[in-house]
Amino acid sequence: VVLLNFWASWCEPCRSEMPSLELLAQRHAADGVQVLAVNYRETDRAVQRFVQDLSLTLPVLRDSDGSASRAFGVRIWPTTVVLDRRGRARFSIVGEADWTGPRVREWLAPLVGAGT
C-alpha cells in the first residue's frame, strides 16, 4: 500500500499534516505501508529547506513539471492518493488530514488487512 502525498512548501496545511504522515509511515511500515512525499514544481532549495525545517524522513519525490500531479488529478494541496498493493489508485484525500486518527485506520484497514 502506497500513499502519495502531493505537497508544496508554500502550503501551510501541507506543513501541518506532515508530522502525522511521518507517524503513519513509522507505525505501519511492518504492514507494508509506504508514504511518499511528492513535491509539486519547486526548486531543490525550497524542497531541501522544507525537509530540513520539518526534519522530514519520508522519501521525497520531485514532480518538477507537474505531470504526476496532473496524472492523478491533483489540483489542491495537499492531496494524498492511496494505492492498493496492486498499484491501483483506490481513493484520494483532498486537504489536510490527521493521519494518526481513527478515520484513517478505517480507510486503510481494508487495504492493509486484506492484502489486496
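R41 sits in the loop between strand 2 and helix 2. In this predicted model, R41 has a positive phi of about 50° although it is not a glycine. A second residue of this kind is S55, a non-glycine residue with a positive phi near 50°. S55 is placed in the loop between helix 2 and strand 3 and follows helix 2. With a relative accessibility of 55%, S55 counts as exposed, because the cut-off for that class is over 50%. The backbone also contains a cis peptide bond, from W77 to P78, with omega near -5°. P78 belongs to the loop between helix 3 (67–71) and strand 4.

The table collects these backbone features.

| Residue | Location | Backbone value |
|---|---|---|
| R41 | loop between strand 2 and helix 2 | phi of about 50° |
| S55 | loop between helix 2 and strand 3 | phi near 50° |
| P78 | loop between helix 3 and strand 4 | omega near -5° for the bond from W77 |

**The sheet**

The sheet is open and consists of 5 strands in the order 3-2-1-4-5, with mixed pairing. Strand 3 (60–63) and strand 5 (89–94) are at the edges; each has a single partner strand, so one side of each has no neighbour in the sheet. On average, neighbouring strands are turned by 25° against each other, direction ignored. Strands of a sheet pair through backbone hydrogen bonds, either parallel or antiparallel. Strand 2 (residues 34–40) and strand 3 run parallel and are joined by 4 bridges. Across this pair, A37 stands opposite V60 of strand 3, and Y40 has D63 of strand 3 as its bridge partner. The connection from strand 2 to strand 3 passes through helix 2, and this β-α-β crossover is right-handed.

**Helices on the sheet**

Which strands does helix 1 (residues 12–28) touch? Helix 1 packs on the sheet in contact with strand 1 (2–7), strand 2 and strand 4 (79–83). The direction of helix 1 makes about 165° with that of strand 1. Helix 4 (residues 102–113) lies across strand 1, strand 4 and strand 5, and runs at about 160° to strand 5.

Helix 2 has a buried side formed by A46, V47 and F50. Seen down the helix axis, these buried residues fall within an arc of 100°, so they line one face of helix 2. An α-helix has 3.6 residues a turn, so residues three or four places apart point the same way. The buried residues of helix 2 pack against strand 1, helix 1, strand 2 and strand 3. The face turned away from them carries the exposed residues R45 and Q52.

**The nonpolar core**

In soluble globular proteins, nonpolar side chains tend to be buried together. Here the largest nonpolar core has 33 residues, and L3 and W99 have the most contacts inside it. Two or more residues each come from strand 1, helix 1, strand 2, helix 2 (44–54), strand 4 and helix 4. Helix 1 gives the most to this core, with 5 residues.

What does L3 touch, not counting residues up to four places away in sequence? The contacts of L3 on that basis are L24, V33, Q34, V35, L36, T80, V81, V82, W99 and L108. W99, one of these contacts, is named with L3 among the residues with the most contacts inside the core.

Key:
Residues are numbered from 1 along each chain as its sequence is written. This is a predicted model: local features need pLDDT of at least 70, side-chain atom pairs count only at pLDDT 80 or more; totals for chains, interfaces and linings use all residues. Side-chain values use heavy atoms; hydrogens and water are left out. Two strands pair if DSSP finds at least two bridges between them. Axes are lines fitted to C-alpha atoms, for helices over the stretch in contact, and angles run from 0 to 180 degrees between N-to-C directions. Contact means heavy atoms within 4.5 Å. A nonpolar core is a set of buried Ala, Val, Leu, Ile, Met, Phe, Trp, Tyr and Cys residues joined through side-chain atoms within 4.5 Å. Buried means under 20% relative accessible area, exposed over 50%, partly exposed in between (1.4 Å probe, protein chains only). The arc is that of the directions from the helix axis to the C-beta atoms. A crossover is right-handed if, with the strands pointing away from the viewer, the path from the first strand over the helix to the second runs clockwise.
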